[in-house]
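Trainee: May we go through this model together? I should like to begin with a buried residue and then turn to the DNA.
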Number of protein chains: 2
Amino acid sequence: MANIKDIAKMAGVSVTTVSRVINNYPYVSAEKAEAVRLAMKKCNYQRNINAVHLSKGKTYLIGVVVPFSNHPYFGLLIEGIANAALKNNYKLVLIQTNYEKDKEIEALTMLKDKQIDALIVCSRICEWSVMEDYIEYGPIILCEDARGKTVASTFVDHYKSFTAALNYLYQKGHTRIGYCIGRRSGTNSEQRDAAYKDFLEENALSYNSDFIFSGCFNFEDGEKVVAKLIQQKSRPTALLVTSDQVAAGILTCCKEQGIFIPEDLAIMGFDNQPISQVMHITTLEIPLVEVGKKLFHQAMDGENVSHEEIPVKLIERETV
Amino acid sequence: MANIKDIAKMAGVSVTTVSRVINNYPYVSAEKAEAVRLAMKKCNYQRNINAVHLSKGKTYLIGVVVPFSNHPYFGLLIEGIANAALKNNYKLVLIQTNYEKDKEIEALTMLKDKQIDALIVCSRICEWSVMEDYIEYGPIILCEDARGKTVASTFVDHYKSFTAALNYLYQKGHTRIGYCIGRRSGTNSEQRDAAYKDFLEENALSYNSDFIFSGCFNFEDGEKVVAKLIQQKSRPTALLVTSDQVAAGILTCCKEQGIFIPEDLAIMGFDNQPISQVMHITTLEIPLVEVGKKLFHQAMDGENVSHEEIPVKLIERETV
DNA sequence: ATAATTTATGAAACGCGTTTCAATGCAAGA
DNA sequence: TCTTGCATTGAAACGCGTTTCATAAATTAT
C-alpha cells in the first residue's frame, strides 16, 4: 500500500505538497495538484487515519457512556448525539456500562488515552471524586444537574419537574401518590426523591415506602409494579412513573387486572415518548433528541464549561 | 506530557525495555521493570494510544452500522455486540445511517481508512456491488442471509421462518393474511415477500396489496396500520408483524377500536421482545443478543468467512 | 568442558501524515 | 529601480509506541 511518500515521489513533489493537496490547502500550483491527484488515483491511495490522529492529537471520536443501549430513553439521547456528530464529522464510540463502574472507568481511560476527544456520560455511576481526576484529560459532559461542578452539563431540573408533577396530581385531588423509578442512586433519582419528600412534608402527607417502586426501566417492569400494587391493601391513587415505557406497561397490565385508569389509579409518565401518545398517557415531555444535540455541542466546545437546563412540559392526556 | 522516551531516560533503560514493561512482555529484569514503573508513576505517564494504533495498524474499534439506535431490535443487537466487544477489549463505533447511503459509505470508508478493524452492518442499504469494493480493506459482517457472498454473516432465514409463520396461521384457518414490515427493500424484506408470494400461490390465494403495510418500525406505527385497517371493507383476518413493538401498537389500538384479538384479527409478532411477553403476543423468537454476539465473533475472526443461520422459535401465546 | 539455549537489553527502523520554517520566484507598490 | 509581499515549494522536525535484529551474558544440555 502506498503512503504519502510514495505519492510524493511519483508526482515529483514533496510530501508537504501532497499533504496540501489532500487537505485542500492553498499554495499549490494547478499542475502539481493535478499530478498529485493522478498519482493518488493510480495507487488507489488511502491515507492512514491513525497517522493523522497521531499527528493531530485528535481522533474525531466522542465517547458516549450509557448503561444500556436498548432503552428508548438512551436510544433517543444517542440519536440526538449521533445526528449532531454526523453533521460535524465526528463519530461516536459507544460505551455500554450495564451500570458497572469498571466500564465507566474504561471510558474515562479512553479519554485519558486520547482515544476519544471528549466523553459524554448519559448516566453516571462513578462518584464525582473519581470523575474529577479525569477532567484534565479532556471535556467530560454530564447529562445531569452539574451546576457548581467543573464539567459542562445539559440537564433537566428533576427536583423542579418532579415537584411540578406532584403538585399537579395533588391539585387533581390525589394525596396518596407513589412513584416508579429506575435506580435509587444517581443525581436524578436523588433530586426526585428529595422533591418527593419535600412535597410530602409541605402537604403534611405521610411517607409510605410501599409507594416507591424502583428497578423500573422497561415496559415489562410495569408488570412487576402492578403485581405488587394489587397485593397492597392501601394502594396509591396516583403514580408518577419516570419512564413512559414503564407507564405503558403499567397501563397495559392494569387493564388486564381490571384496574381502571385514571379512576382507580392515575398515571403520569415521563419523556413523552411516542408510546405515550398512542396510549394517551399524560406525561412530562423531555426533548431527548434536543438534549443529545446540546450534549454534543458542549463536547465540541470543550473549554467552555456551561450548564444548560432543559425545560420540561406537562402534556395532559387521559391517564390522570 | 511525558512520552516513552522520557520514561526510558528517567529509568535509565531503552524505550524497548519500557515498551516491554508496558506490555508485560518477558525478558526484563525485576529491577529494571521496577525502575520503569516508578518513572511512569512519577510522570503520571499515559501512553499515546494513537501511536499504538499507528504502529500496530489496529484500533480495537469495531464499526456498527444501524439505521436507528432508538429501536429495540437494533438496541438488542447492539447490546449483544457491545457485551462481546467488552469482553474482548474492543470498543464500538456506532454509525447511525437513518437509512442514508452516504452514511453507510462513510462507515465503509472508515474501514478503508483503518479507523476501525472491522465493520458490522446490521441493516444494509448500499447495493452489494458497492460493498464488495470494500471487502479488501477489512472484514465486513452482515446481519442478513449472505450465503454465496464473500463476507461473513449471521442471519435468520426469513424465507423459511416467514413461510413457517404463514403456514401456522393457515392451519389456524386463516386465508386472508397480511403482513407489516419496515422497509420494502433489503434482503430480509425481499425474502419475506418472496415467501409471502410463494405461500399465496401454493395455497391458491390471491394477492391483495392492501394487506401489506410497510413503514412499520415502532410501537406508534401500529396506530397507522389500524387506521388503515378500519377503513378497509375486506380486512385481513391475520397479520404477520415483523416487529413486536409494532404488534403491540396494533394490539393496543385494536382494543381501543373494539377490534378483538384474536377473534377479529390474529396477530403474530417477531423477535420475542419483552413487550410481547407482557402483552401475550404470539411471536417468532429471534435471539438478538445472541445474534449480536455471533456477529462480533465473526468480526474478530476476519479471515474466516462463515455463515451462521440462527434458528427461530415460534412462541404461542394469545394473539392467534 | 563445549555446544546449544535462554534471558536481557538496546539501537534503529518502521508505521505515516502534519506543520513549521526557510528559501525562491515573481509581481505590485514606492 | 528597489522594497515589500504574496505565491510556491520542500526539507526536516514532530507526534510516539512497536518490533526486528544484533549482542552479550547466563544457563542448561551433551
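Mentor: Contact means heavy atoms within 4.5 Å. This is a predicted model, in which local features need pLDDT of at least 70, side-chain atom pairs count only at pLDDT 80 or more, and totals for chains, interfaces and linings use all residues. Residues are numbered from 1 along each chain as its sequence is written, chains are lettered from A and ligands numbered from 1 in the order written, and side-chain values use heavy atoms, leaving out hydrogens and water.

Trainee: Which residues is Q273(A) in contact with, leaving aside its neighbours within four places in sequence?

Mentor: With those neighbours set aside, they are P72(A), Y73(A), L76(A), D244(A), Q245(A) and L288(A).

Trainee: Is Q273(A) buried or exposed?

Mentor: Q273(A) has a relative accessible area of 4%, so it is buried (under 20%, with a 1.4 Å probe and protein chains only).

Trainee: Now DNA strand D: which residues around it come nearest?

Mentor: Of the 25 residues around the strand, T16(A), S29(A), I4(B), Y45(B) and S55(B) come nearest; a residue counts as near if one of its heavy atoms lies within 4 Å.

Trainee: How far is the side chain of R20(A) from a base nitrogen of DNA strand D?

Mentor: An N or O atom of the R20(A) side chain is 2.9 Å from that base nitrogen.

Trainee: And what of the phosphate oxygens?

Mentor: For one phosphate oxygen of strand D, the distance to a side-chain N or O atom of Y27(A) is 2.7 Å. For N23(B), the corresponding distance to a phosphate oxygen is 3.1 Å.

Methods:
A polar contact is a pair of N or O atoms within 3.5 Å; within protein, one must be able to donate a hydrogen and the other to accept it, and residues adjacent in sequence count only if both atoms are side-chain atoms. Buried means under 20% relative accessible area, exposed over 50%, partly exposed in between (1.4 Å probe, protein chains only).
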